[in-house]
Amino acid sequence: MDGSGARSLHTVSFGMPFEDGRLRINARVEGLQRLAQWRKLLQSGRGVVYCRGFFEWEHDKDGQKRPHYVHAADGGVMAIAALCDEEGHAVLITSDACESLRWLHERMPCLLPCESRLQGWLEGRQDASSPRRGDGLAWHAVTRRVGRVSTQGPDCIAKLDDDQVHREARVEASRKGWREKAALDPQQKRIQQFFSASPTKRSKPDPH
């Protein structure tokens, strides 16, 4: 909201730089009063980020991370409480996960599920907090490629069936085993480095 209390729409950069040089992408709701930068933005930089959904990673029993896409069950747009500065940076506010998502991750973005909650947050009358139960949310497994910045497009949120999830898990386990073997075997390490490098950077054999 601007100084007059009217809502305005802006494009922002995800992440906020701190004086220590670190970039913060989230702000824990229980710590908003502990940092001076957060306290200042609570007075003048409350905002809302709109999205279709967000990703969370489940840690399975084998130690692998399995991504899931969390979205509104009705396919609607979700509103997340945020803090924004004058330079166009924004951070999402997070809280403990609601009951329906605790199996997936212990934290989640603070959702503003209705207009009254959204307006109350923007006007400073209400604190940010996620719904206790998480009614109205749905989720499904997605490809592990969402962990790469280069992965874009609708495939990021495409639902995977159980066979596809298990297939990706086997591929990841195979890659992990190869990396562990390479760390112990110098020859395997050189092979891994060769195939990991881009074709233009691979060393060419000496013609002599």
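**Exercise 1. Locate histidine 71 in the predicted model and describe its surroundings.**

*Solution.* Step 1. Histidine 71 belongs to strand β7, which covers residues 65-72. The model in which this placement is made is a predicted one.

Step 2. The relative accessible area of histidine 71 is 16%. Buried means under 20%, so histidine 71 is buried.

Step 3. Once its neighbours within four places in sequence are set aside, the contacts of histidine 71 are Arg52, Gly53, Met78, Gly136, Leu137, Ala138, Trp139 and His140.

**Exercise 2. Determine which residues of helix α1 are buried and how they are arranged about the axis.**

*Solution.* Step 1. Helix α1 spans residues 36-44, and its buried residues are Trp38, Leu41 and Leu42.

Step 2. Viewed down the axis of α1, these buried residues fall within an arc of 110 degrees, so they line one face of the helix.

Step 3. A general rule helps here: an α-helix has 3.6 residues a turn, so residues three or four places apart point the same way.

Step 4. On the face turned away from the buried side, α1 carries the exposed residues Ala36, Lys40, Gln43 and Ser44.

**Exercise 3. Describe helix α2 through its buried residues, with leucine 118 as the example.**

*Solution.* Step 1. The buried residues in α2 are Leu118, Gln119, Gly120, Trp121 and Leu122.

Step 2. The elements that cover these buried residues include α1, β5 (46-51), β8 (78-84) and β9.

Step 3. Leucine 118 is found in this helix, α2. Its relative accessible area is 5%, so leucine 118 is buried.

Step 4. Not counting residues up to four places away in sequence, leucine 118 touches Arg7, Val48, Tyr50, Ala79 and Leu112. For valine 48, the C-alpha atom is separated from that of leucine 118 by 7.9 Å, while the two residues stand 70 residues apart along the chain.

Step 5. Just after α2 comes glycine 124, which takes a positive phi of about 85 degrees.

**Exercise 4. State how many salt bridges the structure holds, and explain what the pair of arginine 7 and glutamate 115 connects.**

*Solution.* Step 1. The structure holds 6 salt bridges. As a general principle, side chains of opposite charge can pair when their charged atoms come close.

Step 2. In one of these salt bridges, the side chains of arginine 7 and glutamate 115 meet with an N to O distance of 2.4 Å.

Step 3. Arginine 7 lies in the segment before β1 (13-14), and glutamate 115 lies in helix α2 (residues 115-122), so the pair ties together parts that are 108 residues apart in sequence.

Step 4. Both partners are assessed for accessibility. Arginine 7, at 41% relative accessibility, counts as partly exposed. Glutamate 115 is also partly exposed, with a relative accessible area of 48%.

**Exercise 5. Trace the salt-bridge network that includes arginine 107.**

*Solution.* Step 1. Glutamate 30 and arginine 28 form a salt bridge in which the closest N and O atoms are 3.1 Å apart. Glutamate 30 is partly exposed at a relative accessible area of 37%, and arginine 28 is partly exposed at 46%.

Step 2. A salt bridge also joins the side chains of arginine 107 and aspartate 96 (3.1 Å, N to O). Arginine 107 lies in strand β10 (residues 107-109) and aspartate 96 in strand β9 (residues 89-96), so this pair ties together parts that are 11 residues apart in sequence.

Step 3. With a relative accessible area of 9%, arginine 107 is buried, whereas aspartate 96, with 55%, is exposed.

Step 4. Salt bridges with shared partners join Arg28, Glu30, Asp96 and Arg107 into one network.

**Exercise 6. Characterise the largest cavity and the second largest pocket by volume and lining.**

*Solution.* Step 1. Searching the whole structure yields 1 cavity of 30 Å³ or more. The largest cavity holds about 40 Å³ of space.

Step 2. Its lining consists of Arg66, Pro67, Ala141, Val142, Arg144, Leu160, Val165 and Glu168. Both β7 and α3 (162-184) supply at least two residues of this lining.

Step 3. Sorted by class, the cavity lining has 5 nonpolar, no polar and 3 charged residues.

Step 4. The second largest pocket contains about 370 Å³ of space. Among the residues that line this pocket are Gly53, Phe54, Phe55, Trp57, Cys156 and Ile157.

Step 5. The lining of the second largest pocket has 7 nonpolar, 4 polar and no charged residues.

Definitions and conventions. Residues are numbered from 1 along each chain as its sequence is written. This is a predicted model: local features need pLDDT of at least 70, side-chain atom pairs count only at pLDDT 80 or more; totals for chains, interfaces and linings use all residues. Side-chain values use heavy atoms; hydrogens and water are left out. On a 1 Å grid over the protein atoms alone, a cavity is a set of points where a 1.4 Å probe fits but cannot get out, and a pocket is an open set with protein on both sides within 12 Å along at least five of seven lines; lining residues have an atom within 4 Å of a point. Grid points are joined across faces, edges and corners, and a volume is the space filled by probe spheres set on the points. Ala, Val, Leu, Ile, Met, Phe, Trp, Tyr, Cys and Pro count as nonpolar, Asp, Glu, Lys and Arg as charged, and the others, Gly among them, as polar. Helices (H or I, at least four residues) and strands (E, at least two) are DSSP runs, numbered from the N terminus. Buried means under 20% relative accessible area, exposed over 50%, partly exposed in between (1.4 Å probe, protein chains only). Contact means heavy atoms within 4.5 Å. The arc is that of the directions from the helix axis to the C-beta atoms. A salt bridge is a side-chain nitrogen of Lys or Arg within 4 Å of a carboxyl oxygen of Asp or Glu.
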